[in-house]
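Visitor: I would like to learn how to read a few features of a structure, taking them one after another. Could we begin with a single side chain and what surrounds it?

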Amino acid sequence: MDPFQTLKQEIMKDSMNQAYTENKIPPLFKASTQAKIVVVGQAPGRKAEESQKVWNDASGDRLREWMGVSRDTFYGTNLIAHLPMDFYYPGKGKSGDLPPRSGFAQKWHPQLLDLMPEVELIVLIGGYAQAHYLGKNRARNLTETVRHYQEYLPNYFPLVHPSPLNYGWMKKNPWFESQVIPVFRNQIQTRLSSSGRQSENHG
């Protein structure tokens, strides 16, 4: 069996995911041995869970714009993997969705990344992803971590969440869209185009 399918079955059998499995809700992630880029977000929203497509909302539209990729490329290429911090919609909280469950990414991300040896860049969207992957190397807050993104290259690229709820933050921090996004888009496009050239060379 495909190792990703084997791991998916293990995730579904895990006791912490039992309620989802009983309700016929599969874990939502995308992984491939060919992946060059891994996008790490929070957890699927309700719309993503219902459609079984990560980033299938206004936040996803903005993220794809930042990356400079079409919807077809975002979902269709094996070069982009999607590993949320939790593969299941955690439910609604007092203000927005609940956070990803503690311990989920710690358990499953390393196993999935081990199956993706070609990964060159991990995009860390939001505080949960940055806390997990950067740990004590983060700056004092999310804004400063994103501002100093160069310190985490070439392996990681921290971003603010592309949610419409963060449009106010973007207005307060115009440097993000004028200085950070062009570099981010270049990082994405370089990896996608270099993979395309390698395919041509081996074709």
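Guide: Let us start with Arg191, keeping in mind that this is a predicted model. Once neighbours within four places in sequence are set aside, Arg191 is in contact with Ile37, Glu120, Leu121 and Pro154. Arg191 itself belongs to helix α10, which spans residues 175–201.

Visitor: Is Arg191 buried or exposed, and with which side chain does Arg191 make a polar contact?

Guide: With a relative accessible area of 10%, Arg191 is buried, since the cut-off for that class is under 20%. Its side chain makes a polar contact of 2.6 Å with the side chain of Gln187. Gln187 is also found in helix α10, and at 16% relative accessibility Gln187 counts as buried. Leaving aside neighbours within four places in sequence, Gln187 is in contact with Leu121, Leu153 and Phe157.

Visitor: Ile37 was among the contacts of Arg191; how should I read the strand that holds Ile37, and which residues of β1 are buried on each side?

Guide: In a regular strand the side chains alternate between the two faces of the sheet. In strand β1, residues 37–40, both faces are covered, with Ile37 and Val39 buried on one side and Val38 and Val40 buried on the other.

Visitor: Which strands pair with β1, and in what sense?

Guide: Strand β2, residues 80–82, pairs with β1 in the parallel sense over three bridges, and within this pairing Ile37 stands opposite Ile80. Strand β3, residues 121–125, also runs parallel to β1 and is joined to it by four bridges; there the bridge partner of Val38 is Ile122.

Visitor: Turning to helices, which residues of α1 are buried, and where do they lie around the axis?

Guide: An α-helix has 3.6 residues a turn, so residues three or four places apart point the same way. In helix α1, residues 3–13, the buried residues are Phe4, Leu7 and Ile11. They cover an arc of only 65° around the axis, which puts them on the same side of α1. These buried residues pack against α6, residues 104–114. At the N-terminal end, α1 is capped by Asp2, a side-chain oxygen of which lies 2.9 Å from the backbone nitrogen of Phe4.

Visitor: What does Trp108 of α6 contact?

Guide: Apart from neighbours within four places in sequence, Trp108 is in contact with Leu7, Glu10, Ile11, Asp14, Asn17 and Phe87. Trp108 counts as buried, at 3% relative accessibility. Trp108 and Lys8 illustrate how sequence and space can be read together, as they are 100 residues apart in sequence and 9.7 Å apart in space, C-alpha to C-alpha.

Visitor: How are aromatic rings read, and how many aromatic pairs does the count come to?

Guide: A pair of aromatic rings is described by the distance of the centres and the angle of the planes. The count here comes to 12 aromatic pairs. The rings of Trp169 and Trp175 have centres 5.8 Å apart and planes at 75°, so this pair is edge-to-face, and both residues are buried. Elsewhere, ring pairs link Tyr20, Phe29, Phe87, Tyr88 and Phe104 into a cluster.

Visitor: Over which rings do the charged ends of Lys53 and Arg64 sit?

Guide: The charged end of Lys53 sits over the ring of Tyr75, 4.2 Å from the ring centre, while that of Arg64 sits over the ring of Phe74, 4.9 Å from the ring centre.

Methods
Residues are numbered from 1 along each chain as its sequence is written. This is a predicted model: local features need pLDDT of at least 70, side-chain atom pairs count only at pLDDT 80 or more; totals for chains, interfaces and linings use all residues. Side-chain values use heavy atoms; hydrogens and water are left out. Buried means under 20% relative accessible area, exposed over 50%, partly exposed in between (1.4 Å probe, protein chains only). Helices (H or I, at least four residues) and strands (E, at least two) are DSSP runs, numbered from the N terminus. The arc is that of the directions from the helix axis to the C-beta atoms. Contact means heavy atoms within 4.5 Å. A polar contact is a pair of N or O atoms within 3.5 Å; within protein, one must be able to donate a hydrogen and the other to accept it, and residues adjacent in sequence count only if both atoms are side-chain atoms. Rings of Phe, Tyr and Trp (its six-membered ring) pair if their centres lie within 6.5 Å; planes under 30 degrees apart count as stacked, over 60 as edge-to-face and the rest as tilted. A charge sits over a ring if NZ of Lys or CZ of Arg is within 6 Å of the ring centre and within 35 degrees of the ring normal. Two strands pair if DSSP finds at least two bridges between them.
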